[in-house]
Every structure is written in structure tokens, then in C-alpha cells.
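These are my notebook entries on a structure that I went through element by element. The sequence and model come before the entries.

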Amino acid sequence: MRRSLVVAWLFTRIGVMNELQYRANFFVALFQSVLTLGVGLVVLSLVFSHTQELKGWNHEELLCVMGIQIAMGGLMRATIQPNMLRLIEEVQDGNLDYALTKPEDSQLLVSVREVRVWQLVDVASGAAVVAVGVSRLESSVGLTDALALVGLLALGAVMLYCIWLILATGAFWVIRMWFLTELFEGLYQTGRWPIGVYPGWLRYSMTYLVPIGFAITVPAEAVTSRLEWGTALTAVVFATALFAFTRWFWRFGLRRYAGASA
Amino acid sequence: MHVSELTKIFKVPEREAGLRAAMKSLVRRHTRDVHAVDQISFDIGPGEVVGFLGPNGAGKTTTLKMLSGLLYPTSGEALVLGHVPSKREKDYLRQITLVMGNRNQLQWDLPALDSFELNRAVYRLRREDFLQARDELIELLDVGDLVRKPVRNLSLGERMKVEVVGSLLHRPRVLFLDEPTIGLDVTMQKRIRSFIAEYNRQNGATVLLTSHYMADVVALCRRVIVIHHGRILFDGNLSALSDQFAAYKTIEVDLANGQADLSTYGDVLECAGDRVKLRVPKAETPRVAARLLSEQQVADLTIEDPPIEDVIELVFAQDKPA
Amino acid sequence: MSAPAQPLPQASRFRSTVDYYLTSMRTHAQTDFQYRAATYMYLIGMVAEPVIYLVVWSTIARSQGGSVNGFTAGEFAAYYIVWTLVRNMNIVFTPYGWEWRIKDGHFSGLLLRPQHPIHYDLATMAGGKVVWVLLYLPIAFALTLIFKPTFDVSALEVVVFLVAIWGAYLIRSMFLWLLGMVTFWTTRASAIFETYIMAELLLSGRLVPLQLMPGWAQTIAAFLPFKWTFFFPIEALVGDLSTASLLGGLGMQLFWTTVGAGLVWVCWRASAKHYTAVGN
């Protein structure tokens, strides 16, 4: 276990060093972050020019949701997404074998190899948005809320990672997955709004089938003081179950891949 | 075609390894001028088959790209079929073709026949001209059953053959072939070579071929242009190449009387029991051979030109980068 | 068979162009149809965007007593479902695709042909559209069942709609081709592209029907091409435009297509020269 962490850290360090060279990428990432944030704020203000609240969430609370979604998105685009896209590419051109013949756990390796450091600007801007939203809330955020927030964010990140890996593992069967980024980006936008907004069956799918909404709304609930213990517990159980399933599915796919390429 | 003082200079960023150098490069960008092609000049007449020979990075592909309009020269001029290639005039593009080994221009997922139809429309061929060219080429290369299969299902060699058919449908007057046999097995290499020779014979099309396989050049080209570090080292007949650069021959002698020291006759290259290989300057070969025959007990004597690979190596070795 | 001393006689230019388009469309429809599973996945990702807008605005409409700015939930549903049809048609090659195909060497292959590369893009994407729309219809049907749109159409509106979606395709093709050429000049073309997309999001009717945008935004939108790539085709079918507006809209689409094509024509020569100076 410790060794795995060391390996992960080494890869991350190299990834960071690689990225640091491209200073221009920082400005591009910053520019895109500002742009997306700007549009997001415009959308929110547009919505709230026509209404006062959305299924019980007011403007400031929706700011928190948006902030969390942006921050998680940044984390995802920095760490999870590049690895998954590389995995799919390597399944397609056969280079995955290099990762598989290393004496480290394959799932770990394929998950930590790439880091796009500059995408983390979104984490900063998302955090700023959450801070602004929280500061304008009527209810205050206590220590338990803050701890719950951090814990639930971590669980949310785990859930996002699992969804990505499950989708990417599909490459073992489907091979050509060029659509995956667009598919995920599209689905990820559902996290911009609290899942309570969506009608019945859609909400259900977003909570259990593709838990993007869940991953984002629940931490938002912590910050906006509407979190219930039941939900938090569900999050823990669900994240654990999802992670276990993901690991099993990865191994299943791997066996098939190894069996297929003789 | 007429090429005069053609030059192509690339600006290549330079960076050393290591984190510190990487940081420094953020502040100041060093670029290096790489003379991929350095003031080359040559003339090629219609119907000639000319081989461009050179190691990797010599400038062969760059030259070909400039002559086909893909690359804009830094200086110098080129005239092919009366056109300036870099202007990329439609009339010019319709008369040339560029085939690159290892690169596909046909649609990947569809049978080659469908791609041929696309080429027909792109090159504005009349239906009857197109069909005639297509059927003749398919027959010449014997790909009748391959053209109905999706291109991705073909082997590398089959893909190359079908690629060649597609690129000749518009009966170009000039063929630029960039490493056409790369990655192919020996049988397929021979097949492609014989096709090109046959096509040139039947058509009178000019062929400019680059390769780093000697066998391609030897089989196809009477005239050879040797290029290295962007400069032309030699332009002329293949046989003249060895005359200029490697004016020697090898004499292989089988001695009847066992071993003997033949070092007085010439440079001993090999000595394996009673078989000795000597290197002798070209001019002296007849005299040395006569001496050997009279002074030694010779069971067998063979006189050979030096293998062309060795000659080429000598050519490259003599040239030093600027 | 000997190489002709003069170039081969050519078929007529018009016939060849039509021939090329039809052949390309056919072959690419065939190719795209082979990958229908992947296309479905892509379409699902594409549909997520308007469904989210639809849900949010319907919720707002219901909480505001039935409608927002005159749009009921049913009308929002109609708007966004037709949106998906229009979106299918106006997806075109992005600068990211350009970067990929330059690196890949595919673009050099296009440059060797005696044909402007834009024809390749226009023809191949058009062929793909046919397949996409066909594959998409079941999804549209499912959305209709779920969200219950309300609208009535006249024959004229349908006809104008069918023409307008191709207009949208052409306008967006031209302008994104311009952005694509930017990739020759800088590796940061993505920044310009993202700016374009954000402007388009707000001013084209992609985010919301333009009637819901503040007045000043609507004024700006009237002078930009974006409106004619989303809003006009959708409104032609869903809204209540007069015959004059319908036909005038088509005229505006023609105008913007011409502007786009003109810009492409002007910029291509310089861009091609720049590209070939650098090579790949």
C-alpha cells in the first residue's frame, strides 16, 4: 500500500514537472476558466431574473452548487480525465501492454500517469465561487458542515473517478470510444444544478446510475445546511460499493483484454 | 523539371534536458536553423526514373514535398511541368501524384473502389477515362479481389498496392514516390518495383523516387541523386557512382595449393582457408589478376564491383556536416 | 496507355462538383452508419445539454404560474427538442479536429488534391448528417413522449425549416472553417474557439430562446451570425413567424453564408502559404 502511494507520487511529480514547462498552457487554462465562469454567472443571473428560487434553492445556494461543480470539474480534468483518455487510446493502439507488464497494480498505474496541472485553476475559481456563495448565505457554516463538505467532496471525487473508469473500461469491448469526452462532458453538465430540479426518473438515474448529480449536490447540501445524516450515509455506502464494483469491472475487462490479444 | 538553388530552412526550438533548462527556456527561446535542403540544383527530363538516395534526415522527403507543393521553399526556384509547385495551381496538382509509404489517402473503412470514385470526382475525370485507367491498373497490380474489401482489412503490402492504384487513376505525368517500399516484405517490394518500372516503360511518366533501400534504386533507377545533410553529393548514373567514389574492385581467389600470403597483390579483405578476398584499385585489376593467374595456383577467380551499399557508405562518410 | 502530352480532358466543372458531393456524401454516410453505436453514445452526450436547459426552464415556468415571458413548459419542450434536430445539423469540424488532422498528416493529403479542402469537409459532414438525423429520430421520439412539447406547424414552416437547417449547417461550417485556419497561425487557437462558443451560447438561442435574453443582448444578436444557426431554424418550426419573417430569415442565412464564404476565400490563400512554409 505504501509502495503504491510512493509510485503514485512519483508519477504525479513527473507529470507536474512536464506540465510546468508549458507556461502558456497556464494562461490558456486561466482564460478558459474565466470564460466558463463568466458564462455560468450569466446563466444564473438570467435564471434569477425570471424567478426567485429553483425547487427550494436560491441564488446564493445555486452559486455554491456551481462552484463545487466547477472545482470538481477542474480536479477531474487535471487528474482523472487525461488518464482515462490515455487508457482508451492505449487500448486502441495496443500500447496498454507497457503499463500491464510493470510490477505495479495496473489500475493504479493507468489512473495516475497523467496530470494536467494547469486545469487546477478551475479548482481555485470554483472554490472562490463557493466562498462567495457561502458568505452571502443567511445560514452560517459550522465546523461539522465544513468537515462534511470535505469528506463528501472526497467521496464525490471517488464517484466521478469510478464512472470515468467504468466508461473507459468499456474500451476493452468497444475499442473505438472517440465520443467519450463529449459524452461525459454532456453528462457532467447535469451537475450544474441540484438534482432536486430534475423530474423523477431522471433524478433517480442521476443519483444511482450515473451519480454525477449526487457527487455534486450532496456536498452542496452540506454547505447550505440542508444535509441529512441519511444522505451522508448513503453517500459513504454508495461510494464504497461503486469503488468495489469498479475494481471488479476493471479486472474483468483486463482479463478479457489479456485473453484477446494473444 | 528544373530545380535551382532550392533551399528549405526550418527553425527548430532547442532545449536541453533537465528541469533547470526547461525553466530557462520559458524565459528565452533558443531556435536553431536546420538546413533541411541546402541549395540543391538538378534537371530531370520527361520519362526519366530518378532515385533520391540518402540516409534518414537527408532532405529527401523535404525535397519531394517542395516539388509537390506541400512545402514552401525558403529560397531558390523549382519548375515542374512548367509550373511553380508552391503556387499549388489546380492544373499542376492534376498532373502529379505523391505516394508516401506508410501513409494512407484512401478511406479507411470502405472498399478501395469507393475511394477511387471519390478520386474520379476530385480529379474531374471523364467516366470512360476513369474506368479505363482503373481497370488497367487493377489488372497490372492484380488487386481485383482486394478492391472490394475495406481498406482497413488489408495487409500493409495490399494496402500499398491499392494506394498506388488510387494515386495513378488520373494518369499523372510526374510521380513522386516517397519511400514506397518501406515496411513491406521482400516479395511485395519486388512487386512494387517491377510495377513502377513497367508503368514508366508503358507510360513515359517521370518518376522521382526516394528511398533508403539500395535495392529500390538499383532495380529502378539508372540515374541517382545522392543527398546528405541537405546537399547533393552525386548526380549521375549508378555505375558512375562507384567510379567516382569507390574506384576499386574485389578479386576473390580460390587457391589450389592451400593457403598463401597474397598481401603483395592488394588489400586482403578476408582470408578463410584457401579462399581469399582482395581489394584492388580499379585501374590495376587486370594486371593484378593476370599476375595472380600466372604466379599462383588458382582454382577459381572472380572479379566483382564493390557492393553498392559499401559505395554509398563511403559517399556518406566522406561528406561532413557543415 | 501512355501518359498524355497534355493533361487529360476534364469533365465539366459543375458536373464534377455535384458528382463529388453526391459521391462523398454517399461514402461517408456508409462509413458513419458502420459506427452507429459510437454515434448513439455521442448523441446522448449531445442531448444532455438541451435536456438540462429544458428541465430548468420548465421548472421555472411552472413555479412562475405556468409561463416565463410567454413560454409555457410545453413550449420550452418544443423549443429544446427542435433544438436537438438543429444541433445535429450544425455540428461541424472544430479547430481541435484541425489540430489533430494536421498532426496526423491527413491535411497534407487534402492539400495535394486539385480541390479546395473545404469541399471535403462540407461534403463529408453533409453525408454524415443524413445518417445522424436518421439515427436520432428514435431519441427525438422518446423525448417527445417524456416532455410533451406543444406546438403547431404549417406546411410553409416545415419547408422553411428543412431549408433553414442546411443554412445553419453552411453558416457554421464557414465560420468554424475560419477558426480552423487560425490553427495554422497559432497553437492557442483553442482560446479563440472557446470565446466563439461562449458568444454563440449566449447570442444564438442555444442557451435560451432569445426572447428571454435581456433587450440589449437581443440587439447585439441581431448583428451577428449566431442567431441564424440556432434560433432562426428552431423558431421557424416552433414559433409563430410571419411569412415575411420566414422568407426574410432564409435571406439572412444566405447573407451570412456568403459573408462566411467570402472570409474563407480571402484568408485561405495566405493561410495555405503560411501552412506550407511551416509544413508538418
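**Helix pair in chain C**

I looked first at the handedness of one helix pair: α7(C) passes α11(C) in a left-handed crossing, a term for a near helix turned anticlockwise from the far one by less than a right angle, clockwise being right-handed. Helices here are DSSP runs of H or I of at least four residues, strands are runs of E of at least two, and both are numbered from the N terminus. I noted that α7 (residues 155-185) of chain C packs with α11(C) at an angle of about 20 degrees, their axes lying 8 Å apart. Axes are lines fitted to C-alpha atoms, for helices over the stretch in contact, and angles run from 0 to 180 degrees between N-to-C directions. α7(C) and α11(C) are therefore roughly parallel to each other; angles under 35 degrees count as such, over 145 as roughly antiparallel, 65 to 115 as roughly perpendicular and the rest as oblique.

**Basis of the entries**

I record that this is a predicted model, in which local features need pLDDT of at least 70 and side-chain atom pairs count only at pLDDT 80 or more, while totals for chains, interfaces and linings use all residues. Residues are numbered from 1 along each chain as its sequence is written, and chains are lettered from A and ligands numbered from 1 in the order in which they are written.

**Sheet in chain B**

I counted 11 helices and 13 strands in chain B. I then traced an open sheet of four antiparallel strands in chain B, in the order β11-β12-β10-β13; strands pair if DSSP finds at least two bridges between them. β11 (267-272) and β13 (298-304) of chain B each have a single partner strand, so one side of each edge strand has no neighbour in the sheet. On average, neighbouring strands of this sheet are turned by 20 degrees against each other, direction ignored. Between β10 (residues 248-255) and β12 (residues 275-281) of chain B, I found seven bridges. B:Tyr248 has B:Pro281 in β12(B) as its bridge partner. Helix α10 (residues 285-295) of chain B packs on this sheet and touches β10, β12 and β13 of chain B; contact requires C-beta atoms, placed from the backbone, within 7 Å.

**Contact of chains B and C**

I found 36 residues of chain B and 31 residues of chain C in the contact. On the side of chain C, α1 (13-34), α5 (106-111) and α11 (243-278) each give two or more residues. The largest share there, nine residues, comes from α1(C).

Note on methods. Two residues are in contact if their C-beta atoms, placed from the backbone, lie within 7 Å.
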